[in-house]
Amino acid sequence: MSLSHKRQTREIITKAICGKGRKFSTATHTVTPPHHPTSILGAWIINHQYEAVAAGNGIEVIGTYDVNIWYSYDKNKQTEVAKETVSYVELIPLSYLDPRHRASTVEVSAEATQEPNCVEAGVSPGGGSVTLRVEREFEAELVAETKVRVYVSDQADDLEDKDYDFEGESFDYDDLDPDALDDEL
């Protein structure tokens, strides 16, 4: 079978990243320990678990983590650690979304680029609870099948009649400043 024209296009269905997004957020949690805290000696977050699911034009990250608060009470005479599990749902909007992706083939993933971290903890004004400010950041991707258009030709030497200019402006690599180059390259 020969092609009717010298050049045609074909559509190839392939799996590709069809959407990306990133979100930084802060959350405030209130934990009520068994004793009225006098002062906060430390606060940390452990056991962070999450999963990503598609949600409209974004990706939802659904997760939990444990908040541990080391505090003093009884006028700084005794200490204890209060523990509480916090649940959250974070919607990550996609800054890029290919509208031609096949929705039935969508796979999503998310990565915590900044694990939840307690940046501030203090005794609430009433004195009976502790207020925490937590920062976290996620990066998410949506992978799905999509179409890519390519040119097809029935002639093997078809590219020889093209004049490609790869020369452009001449560039002397000796003129590069090695101190200006990125060390990671």
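User: In which sense do strand β2 (residues 37-55) and β3 pair?

Analyst: This is a predicted model, in which local features need pLDDT of at least 70, side-chain atom pairs count only at pLDDT 80 or more, and totals for chains, interfaces and linings use all residues. Residues are numbered from 1 along each chain as its sequence is written, and side-chain values use heavy atoms, with hydrogens and water left out. Strands are DSSP runs of E with at least two residues, helices are runs of H or I with at least four, and both are numbered from the N terminus; two strands pair if DSSP finds at least two bridges between them. Across 15 bridges, the sense of the β2 and β3 pairing is antiparallel.

User: Which residue takes a positive phi in the hairpin of β2 and β3?

Analyst: Ala55 stands opposite Gly58 in β3. Two residues lie between the strands of this hairpin, and the positive phi, near 65°, belongs to Gly56.

User: How many bridges join β3 to β4?

Analyst: β3 and β4 form a hairpin with four residues between them, and Asp74 in the turn has a positive phi of about 55°. Glu60 stands opposite Leu91 in β4. The two strands run antiparallel, and the number of bridges joining them is 16.

User: How many of the 16 residues of β3 are buried?

Analyst: Buried means under 20% relative accessible area, exposed over 50%, and partly exposed in between (1.4 Å probe, protein chains only). In the protein, buried residues make up 28% of the 185 residues. β3 is mostly covered, and its count of buried residues is 12.

User: Which elements give two or more residues to the largest nonpolar core?

Analyst: A nonpolar core is a set of buried Ala, Val, Leu, Ile, Met, Phe, Trp, Tyr and Cys residues joined through side-chain atoms within 4.5 Å. The largest has 24 residues, and Tyr65, Val67 and Ile69 are among those with the most contacts inside it. The elements giving two or more residues to this core are β1 (7-31), β3 (58-73), β4 (78-93), β6 (107-123) and β7 (130-153).

User: Is Ile46 buried or partly exposed?

Analyst: Ile46 lies in strand β2. Together with Leu41, Trp44, Trp70 and Val81, Ile46 makes a nonpolar surface patch of about 420 Å²; such patches join nonpolar side chains (Val, Leu, Ile, Met, Phe, Trp, Tyr) within 5 Å, from residues with over 30% relative accessible area and no salt bridge (a side-chain nitrogen of Lys or Arg within 4 Å of a carboxyl oxygen of Asp or Glu). Because its relative accessibility is 37%, Ile46 counts as partly exposed.

Methods:
Patch = residues over 30% accessible without salt bridge, like charges linked within 9 Å, V, L, I, M, F, W, Y side chains within 5 Å. Areas by Shrake-Rupley, 256 points an atom, 1.4 Å probe, with all protein chains shown as cover.
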